[in-house]
Amino acid sequence: MFRGQLFQNHRPSPYRIHAKDTNAAIELSTHLKTMLAAEKKRGLVIVCIGSDRSTGDSLGPLIGKRLEEQPVRSYHVYGTLTNPVHAVNLEETLAHIEHTYDNPLILAIDACLGRSTSVGYVCLADGPLKPGSAVKKQLPPVGDYHMTGIVNVGGFMEMMVLQNTRLSVVMEMAEVMSKAIIHATRGLSAPRKKFTWPTLTQTKSQT
């Protein structure tokens, strides 16, 4: 979870669309597909950040669950309702991805707090996001690109705000975002795993 104000940096303005807009999933998918096309030689790893213990922070795990359920996929996903990626295991997860995949392209997904007029918007931008900043947690930046959903209003008692976020808002945004990702990633190459030499133990077990 991080603040929407983090988008105010030196990068170009992110693409934004409201989850209730007509064809929101298609429009978002088109922009994401354009981003991914520029890095098509790199396999895609999607990191969905959040916790199922908080309604507002469950956006990432809900999206991760839907992505993981796809029978055919050209990406690897981390962060689901069953195995969420959150503050406790984020650094360990990123280290595992770095060790496992050969130069992966990482798309980070998280819920976001912002202005009241921005609730319901999905944002897509290049560069990493900084999870945990809305609730004053120091966590490493994540992603070559990031996609976020503004689920509620930030600025005061953020933890309480997350706990009291409407599930219907989160579910609707998760539906739009997951559909966009599924459509945009069709036809991509799966992420390549790094080659590792077999250990002595592995060699003996094969003889």
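This report describes strand pairing, helix packing and two backbone positions in a predicted model.

**Strands**

Strand β5 spans residues 105-114, and ten of its ten residues are buried, so this strand is largely enclosed by the rest of the structure. In a regular strand the side chains alternate between the two faces of the sheet. In β5, one set of residues, L105, L107, I109, A111 and L113, points one way. The other set, made up of I106, A108, D110, C112 and G114, points the other way, and all of these residues are buried. The charged residue type in this second set, D110, is thus listed among the buried positions.

Two partners of β5 may be described. Strand β3, residues 44-48, pairs with β5 in the parallel sense over five bridges, and I46 stands opposite L107 of β5 in this pairing. Strand β7 also runs parallel to β5, and eight bridges join the two. Here A111 of β5 stands opposite G149 of β7.

Strand β7 covers residues 145-153. Eight of its nine residues are buried, so β7 is largely enclosed by the rest of the structure. In addition to its pairing with β5, β7 is joined by five bridges to strand β6 (residues 121-126), and β6 and β7 run antiparallel. Within that pairing, L124 of β6 stands opposite M147 of β7.

The strand pairings are collected below.

| Pair | Sense | Bridges |
|---|---|---|
| β3 and β5 | parallel | five bridges |
| β5 and β7 | parallel | eight bridges |
| β6 and β7 | antiparallel | five bridges |

**Helix packing**

Helix α5, residues 167-184, packs with helix α1, residues 24-37: their axes come within 8 Å and cross at roughly 45 degrees. An angle of 35 degrees or more, but below 65 degrees, falls in the oblique class, and α1 and α5 are therefore oblique to each other. The crossing of α1 past α5 is right-handed. On the α1 side the contact is made by A24, A25, L28, S29, L32, K33 and L36, and on the α5 side by V176, M177, K179, A180, I181, H183 and A184. These contact residues comprise ten nonpolar, two polar and two charged.

Helix α2, residues 59-68, also packs against α5, at an angle of about 45 degrees and with the axes 9 Å apart. The two helices are therefore oblique to each other, and α2 passes α5 in a right-handed crossing. Helix α2 contributes L59, L62, I63, R66 and L67 to the contact, while α5 contributes V170, M171, M173, A174, E175, M177, S178, I181 and I182. By type, the residues of this contact divide into eleven nonpolar, one polar and two charged.

M177 and I181 of α5 take part in the contact with α1 and in the contact with α2.

**Backbone positions with positive phi**

N23 is not a glycine, although its phi is positive at about 60 degrees. This residue is found in the loop between β2 (15-18) and α1. With a relative accessibility of 46%, N23 counts as partly exposed, because that class lies between the buried limit of 20% and the exposed limit of 50%.

N103 likewise has a positive phi, about 50 degrees, and is not a glycine. N103 is found in the loop between α3 (90-100) and β5. Its relative accessibility is 44%, so N103 counts as partly exposed.

Conventions:
Residues numbered from 1 in each chain as written. Predicted model: local features only at pLDDT ≥ 70, side-chain atom pairs only at ≥ 80, totals over all residues. Heavy atoms only, no water. Buried < 20%, exposed > 50% of the residue type's maximum accessible area, 1.4 Å probe, protein only. Helix = DSSP H or I, 4+ residues; strand = E, 2+ residues; numbered from the N terminus. Pairing = 2+ DSSP bridges. Axes fitted to C-alpha atoms, helices over the stretch in contact; angles between N-to-C directions. Parallel < 35°, antiparallel > 145°, perpendicular 65-115°, else oblique. Left-handed = near helix turned anticlockwise from the far one by under 90°. Contact = heavy atoms within 4.5 Å. Nonpolar A, V, L, I, M, F, W, Y, C, P; charged D, E, K, R; others polar.
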